[in-house]
Amino acid sequence: MTPFLAELSTADSRWARLHRGPETGDVVVAGNVFRSVRRAAWDLDHRRETALAAGYAGQLLSAMPELLAPWAPPGQGLAFARAFNDWLAAELPRHGGFFTGLGVVPLADPEAATALLEEVAGAGLSGVELPATPPIAPLHAPAWSGFLDEAERLGLLLFVHAVGGPAAAHYPHPMAANGVLFPLSIGAAVGGLITTGALARRPGLRVLASHGGGSLITELPRIDFLRETTPELRELMPEPATASARRLWYDPLLFDTGLLSHLVTTVGADRVVLGTDYPFMPVDPVAFLTDPTLPDGLADAVRRTNPAALLAALGRTLSKGAEPR
């Protein structure tokens, strides 16, 4: 936790606050424990040492979604985003290139978020993380058009992360909301970018979708059917939905070999990069990559080849012979 966030959380309990113990800590939001996390969630030295011991070559760091603070007022959100990005950019050089970082932006002010992207790029960060459901308007809406244009111009990665949103408050436990709402939110976010032509109009835009794109793989056939039978939709979408979907990258967090195989068949084996939710999952959620029913070579591509290609596109490199994570 940055000192600036500690100051904010003292003034407003909606800001996430970490109560640390020796090896674990509790993330507290609005006075309630949201989840318990391991030391690697806040101690980058420990995180790097642990990952190196396991044979990994690097990690792409992004904020826990609760830190994105979509509810924050514009001014406060901008001040926090700058403080977070400055802290992360200062931390990365201490670790010899092992970590690559994604910043954050003020979600309640798309214009300020757009202006901040040049600072993000100048600080050496590789992109920014966004929630699948920003508070002002969906990512495909006109309010975010300038932001998408600027991200494409700067060559930044947009990591769109699934979230529970306001509906999560109606579930008895955060993980119940997670299981139901996360796949829906990321599927709707990516589906919106596809059906409005936002992706097709920006062929250089780099987007990484969390949780394997969630419900997207079930949406694509329906969208393409409707596109074929609806002239107005073909005007909005200059290419089929499946073609637009192949422009994105995805993590493999679908928790099922059949779903992952379907994603790979649909978007291509080269579009899936290793993502593990480390260190938040109690067990390895991608252990199934070694399942013999998956295509030959997929595990190696997801763990090594594809992340290296994505990072190379972002101007980053990995050590030889080890796994990016």
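1. Contact here means heavy atoms within 4.5 Å. In this predicted model, that criterion identifies what covers the buried residues of helix α2, and the covering elements include β4 (56–61), α3 (74–91) and β5.

2. Helix α2 spans residues 44–53, and its buried residues are L44, R47, R48 and A51. Viewed down the axis of α2, these residues fall within an arc of 95°, so they line one face of the helix. An α-helix has 3.6 residues a turn, so residues three or four places apart point the same way.

3. The largest nonpolar core comprises 82 residues, of which V105, F147, I194 and L260 touch the most other members. Helix α6 (residues 174–195) supplies the largest share of this core, with 6 residues. In soluble globular proteins, nonpolar side chains tend to be buried together.

4. F147 merits a separate entry. With residues up to four places away in sequence not counted, F147 touches V105, A113, T114, L117, V128, L130 and L158. One of these contacts, V105, is also listed with F147 among the core residues that touch the most other members.

5. A second core of 9 residues is separate from the one above; L102, L208, V273 and L310 are among its members.

6. The second largest pocket has a volume of about 150 Å³. Its lining consists of 12 residues, and L92, G97, F99, T100 and R316 lie nearest the pocket centre. Strand β5 (residues 99–103) gives the most to this lining, with 3 residues. By class, the lining has 5 nonpolar, 6 polar and 1 charged residues. Strand β5 thus appears in two settings: in the lining of this pocket and in the cover over the buried residues of α2.

7. V27 lies in strand β2 (residues 24–29). Its relative accessibility is 5%, and because buried means under 20%, V27 counts as buried. Leaving aside neighbours within four places in sequence, V27 is in contact with A16, R17, L18, N32, V33, F34, R35, V37 and M64. The C-alpha atoms of V27 and R17 are separated by 5.7 Å, although the two residues are 10 residues apart along the chain.

8. H211 is found in the loop between β8 (206–209) and α7 (216–229). Is this loop residue buried or exposed? H211 counts as buried, because its relative accessibility is 9%. Residues up to four places away in sequence being excluded, H211 touches H161, A162, F182, D251, L253, L254 and D277.

Technical notes. Residues numbered from 1 in each chain as written. Predicted model: local features only at pLDDT ≥ 70, side-chain atom pairs only at ≥ 80, totals over all residues. Heavy atoms only, no water. 1 Å grid on protein atoms, 1.4 Å probe; cavity = no way out; pocket = protein on both sides within 12 Å on 5 of 7 lines; lining within 4 Å. Points joined across faces, edges and corners; volume = space filled by probe spheres on them. Helix = DSSP H or I, 4+ residues; strand = E, 2+ residues; numbered from the N terminus. Nonpolar A, V, L, I, M, F, W, Y, C, P; charged D, E, K, R; others polar. Core = buried A, V, L, I, M, F, W, Y, C linked by side-chain atoms within 4.5 Å. Buried < 20%, exposed > 50% of the residue type's maximum accessible area, 1.4 Å probe, protein only. Arc of directions from axis to C-beta.
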